[in-house]
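Biologist: I am new to this structure and should be grateful for a close look at a single part of it. Please describe where the two chains meet, with whatever background is needed to follow the account.

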Number of protein chains: 2
Amino acid sequence: MVRKTADQRRKEGLAAARRLIARDGISEASVRRVAEEAGMSTGSLRHIFPSHDDLFVAVLGECFSLQGEKIGQILNEARQGRREVFDACVEAISLVLPLTEKTLAESLSHLAILAGGGRSPALEKARRQAAEKLDYLCESIGRFSEKPEAFDAVELRLLIDGLMVRGIERGPEDLVPLLKKALVRMGIPRSNPRR
Amino acid sequence: MVRKTADQRRKEGLAAARRLIARDGISEASVRRVAEEAGMSTGSLRHIFPSHDDLFVAVLGECFSLQGEKIGQILNEARQGRREVFDACVEAISLVLPLTEKTLAESLSHLAILAGGGRSPALEKARRQAAEKLDYLCESIGRFSEKPEAFDAVELRLLIDGLMVRGIERGPEDLVPLLKKALVRMGIPRSNPRR
């Protein structure tokens with residue numbers, strides 16, 4: 001048997017946590033059950049994620065570091081005229097909406113962190129980081145608006161959080177159409193402006 | 001010592017749960033800690049709220065039955081021309097936003113129920129009821145809009161959920177100004193229309 005590296009174990013633990021959270025909700029994603037799902041001992045998993053809260057922080061943290069890079073790339077291509085602005089904005093925001101099992105688990109972890117209370121510095125830090133990343137995404141989208149008077153980054157942030165709650169409440173069906181409608185209202189152009 | 005009725009004990013248990021949830025977050029509101037906060041034995045509290053989830057369901061359920069009545073009354077007065085429409089809409093929606101310790105505890109319970117997963121029929125039912133009440137509120141507000149083409153009940157619902165997340169993330173400061181701005185955009189009249 002090949003011994004797994006710490007990094008592999010961490011990745012497998014995170015994938016198992018996401019599956020369990022998406023399927024059964026945050027309260028079921030105990031360290032013990034995630035270890036079972038990942039086929040690890042509770043001890044090895046606890047070595048990577050000491051508590052229930054650490055799991056959510058890790059799921060959300062990984063999301064924002066991977067998605068953050070991808071989002072930056074998508075919006076960059078749109079800025080350079082290498083892809084359609086409207087589609088790029090929709091695709092970038094879609095990466096943080098609960099549209100797939102993976103992003104549903106991330107949204108649920110985000111809710112868990114928001115609801116988790118003020119006592120834990122780790123949750124507090126994760127909450128602040130998530131807020132900064134999402135605010136930055138909204139400001140970046142705003143630079144594409146052709147009607148700056150109709151665009152407000154805070155309003156887009158409210159919409160993204162509303163869509164997150166909606167997706168958790170009733171599934172992914174209408175999230176993208178609702179997002180598109182709002183982006184049109186906010187002046188995101190339907191085709192690349194002439195340069 | 002006067003023996004408390006079951007109803008009194010339930011009310012005191014709920015008040016203690018709300019205090020604890022608002023102060024320390026949902027994960028701290030265990031049945032044991034709520035019992036301590038309420039000055040009851042864990043056994044008596046467990047008799048009223050058998051589990052952690054039952055606490056959230058009860059906090060949110062009480063919120064929607066009491067607030068529902070109050071909201072109906074406020075909007076009714078506006079319909080009858082007995083109070084200013086815009087203020088009535090702001091006041092009605094404010095009752096479901098995390099603006100006070102009580103409504104913060106209710107919003108956190110709502111997040112806990114949303115994130116709580118699909119396995120529990122009690123959470124599923126609470127989630128559905130909360131969604132129905134909020135959707136009904138949004139449709140009721142829509143009847144006051146003077147620009148029906150600018151009003152969409154789903155969009156208002158997204159805004160309310162976004163404001164709920166925002167209030168939990170960074171406090172109540174700008175929730176009401178953001179709500180007012182959106183209501184103006186959605187065509188809610190600033191003074192009563194002539195009859």
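Modeller: The following account begins with one chain, turns to the interface and ends with a helix pair. The model is a predicted one.

Chain A contains nine helices and zero strands, and from the N terminus its elements follow the order α-α-α-α-α-α-α-α-α. Along the principal axes, the C-alpha atoms of chain A occupy a box of roughly 60 × 35 × 30 Å.

The interface itself comes next. Chain B contributes 34 residues to the contact, and chain A contributes 34 residues. The size of an interface is often expressed as the accessible area lost when the parts come together. Between chain B and chain A, about 3000 Å² is buried, and carbon and sulfur atoms give 58% of that area.

Charged pairs also belong to this picture. Side chains of opposite charge can pair when their charged atoms come close. Over all chains, a search of the whole structure finds 38 salt bridges, while the count between chain B and chain A is eight. One salt bridge joins the side chains of A:D152 and B:K181, at 2.8 Å from N to O. Another is formed by A:D135 with B:R170, whose closest N and O atoms are 3.0 Å apart. This second pair crosses between chains, from helix 7 (residues 121-142) of chain A, which holds A:D135, to helix 8 of chain B, which holds B:R170. Across the interface of chain B and chain A, eight residue pairs are in polar contact, with both residues at pLDDT 80 or more.

On the side of chain B that touches chain A, at least two residues are supplied by each of helix 6 (101-115), helix 7 (121-142), helix 8 (153-170) and helix 9 (175-185) of chain B. Helix 8 of chain B provides the largest share of that side, 14 residues. By residue class, the side of chain B that touches chain A has 14 nonpolar, six polar and 14 charged residues.

A contact within chain A completes the account. The axes of helix 4 (residues 52-79) and helix 5 (residues 85-94) of chain A come within 9 Å and cross at roughly 170°. These two helices of chain A are therefore roughly antiparallel to each other. Helix 4 of chain A makes the contact through A:I71, A:I74, A:L75 and A:A78, and helix 5 of chain A through A:V85, A:A88, A:C89, A:E91 and A:A92. The residues of this contact between helix 4 and helix 5 of chain A comprise eight nonpolar, no polar and one charged.

Key:
Residues numbered from 1 in each chain as written. Chains lettered and ligands numbered in written order. Predicted model: local features only at pLDDT ≥ 70, side-chain atom pairs only at ≥ 80, totals over all residues. Heavy atoms only, no water. Axes fitted to C-alpha atoms, helices over the stretch in contact; angles between N-to-C directions. Helix = DSSP H or I, 4+ residues; strand = E, 2+ residues; numbered from the N terminus. Parallel < 35°, antiparallel > 145°, perpendicular 65-115°, else oblique. Contact = heavy atoms within 4.5 Å. Nonpolar A, V, L, I, M, F, W, Y, C, P; charged D, E, K, R; others polar. Buried area = accessible area lost by both parts, 1.4 Å probe. Salt bridge = Lys/Arg side-chain N within 4 Å of Asp/Glu carboxyl O. Polar contact = N/O pair within 3.5 Å; in protein donor to acceptor, adjacent residues only side chain to side chain.
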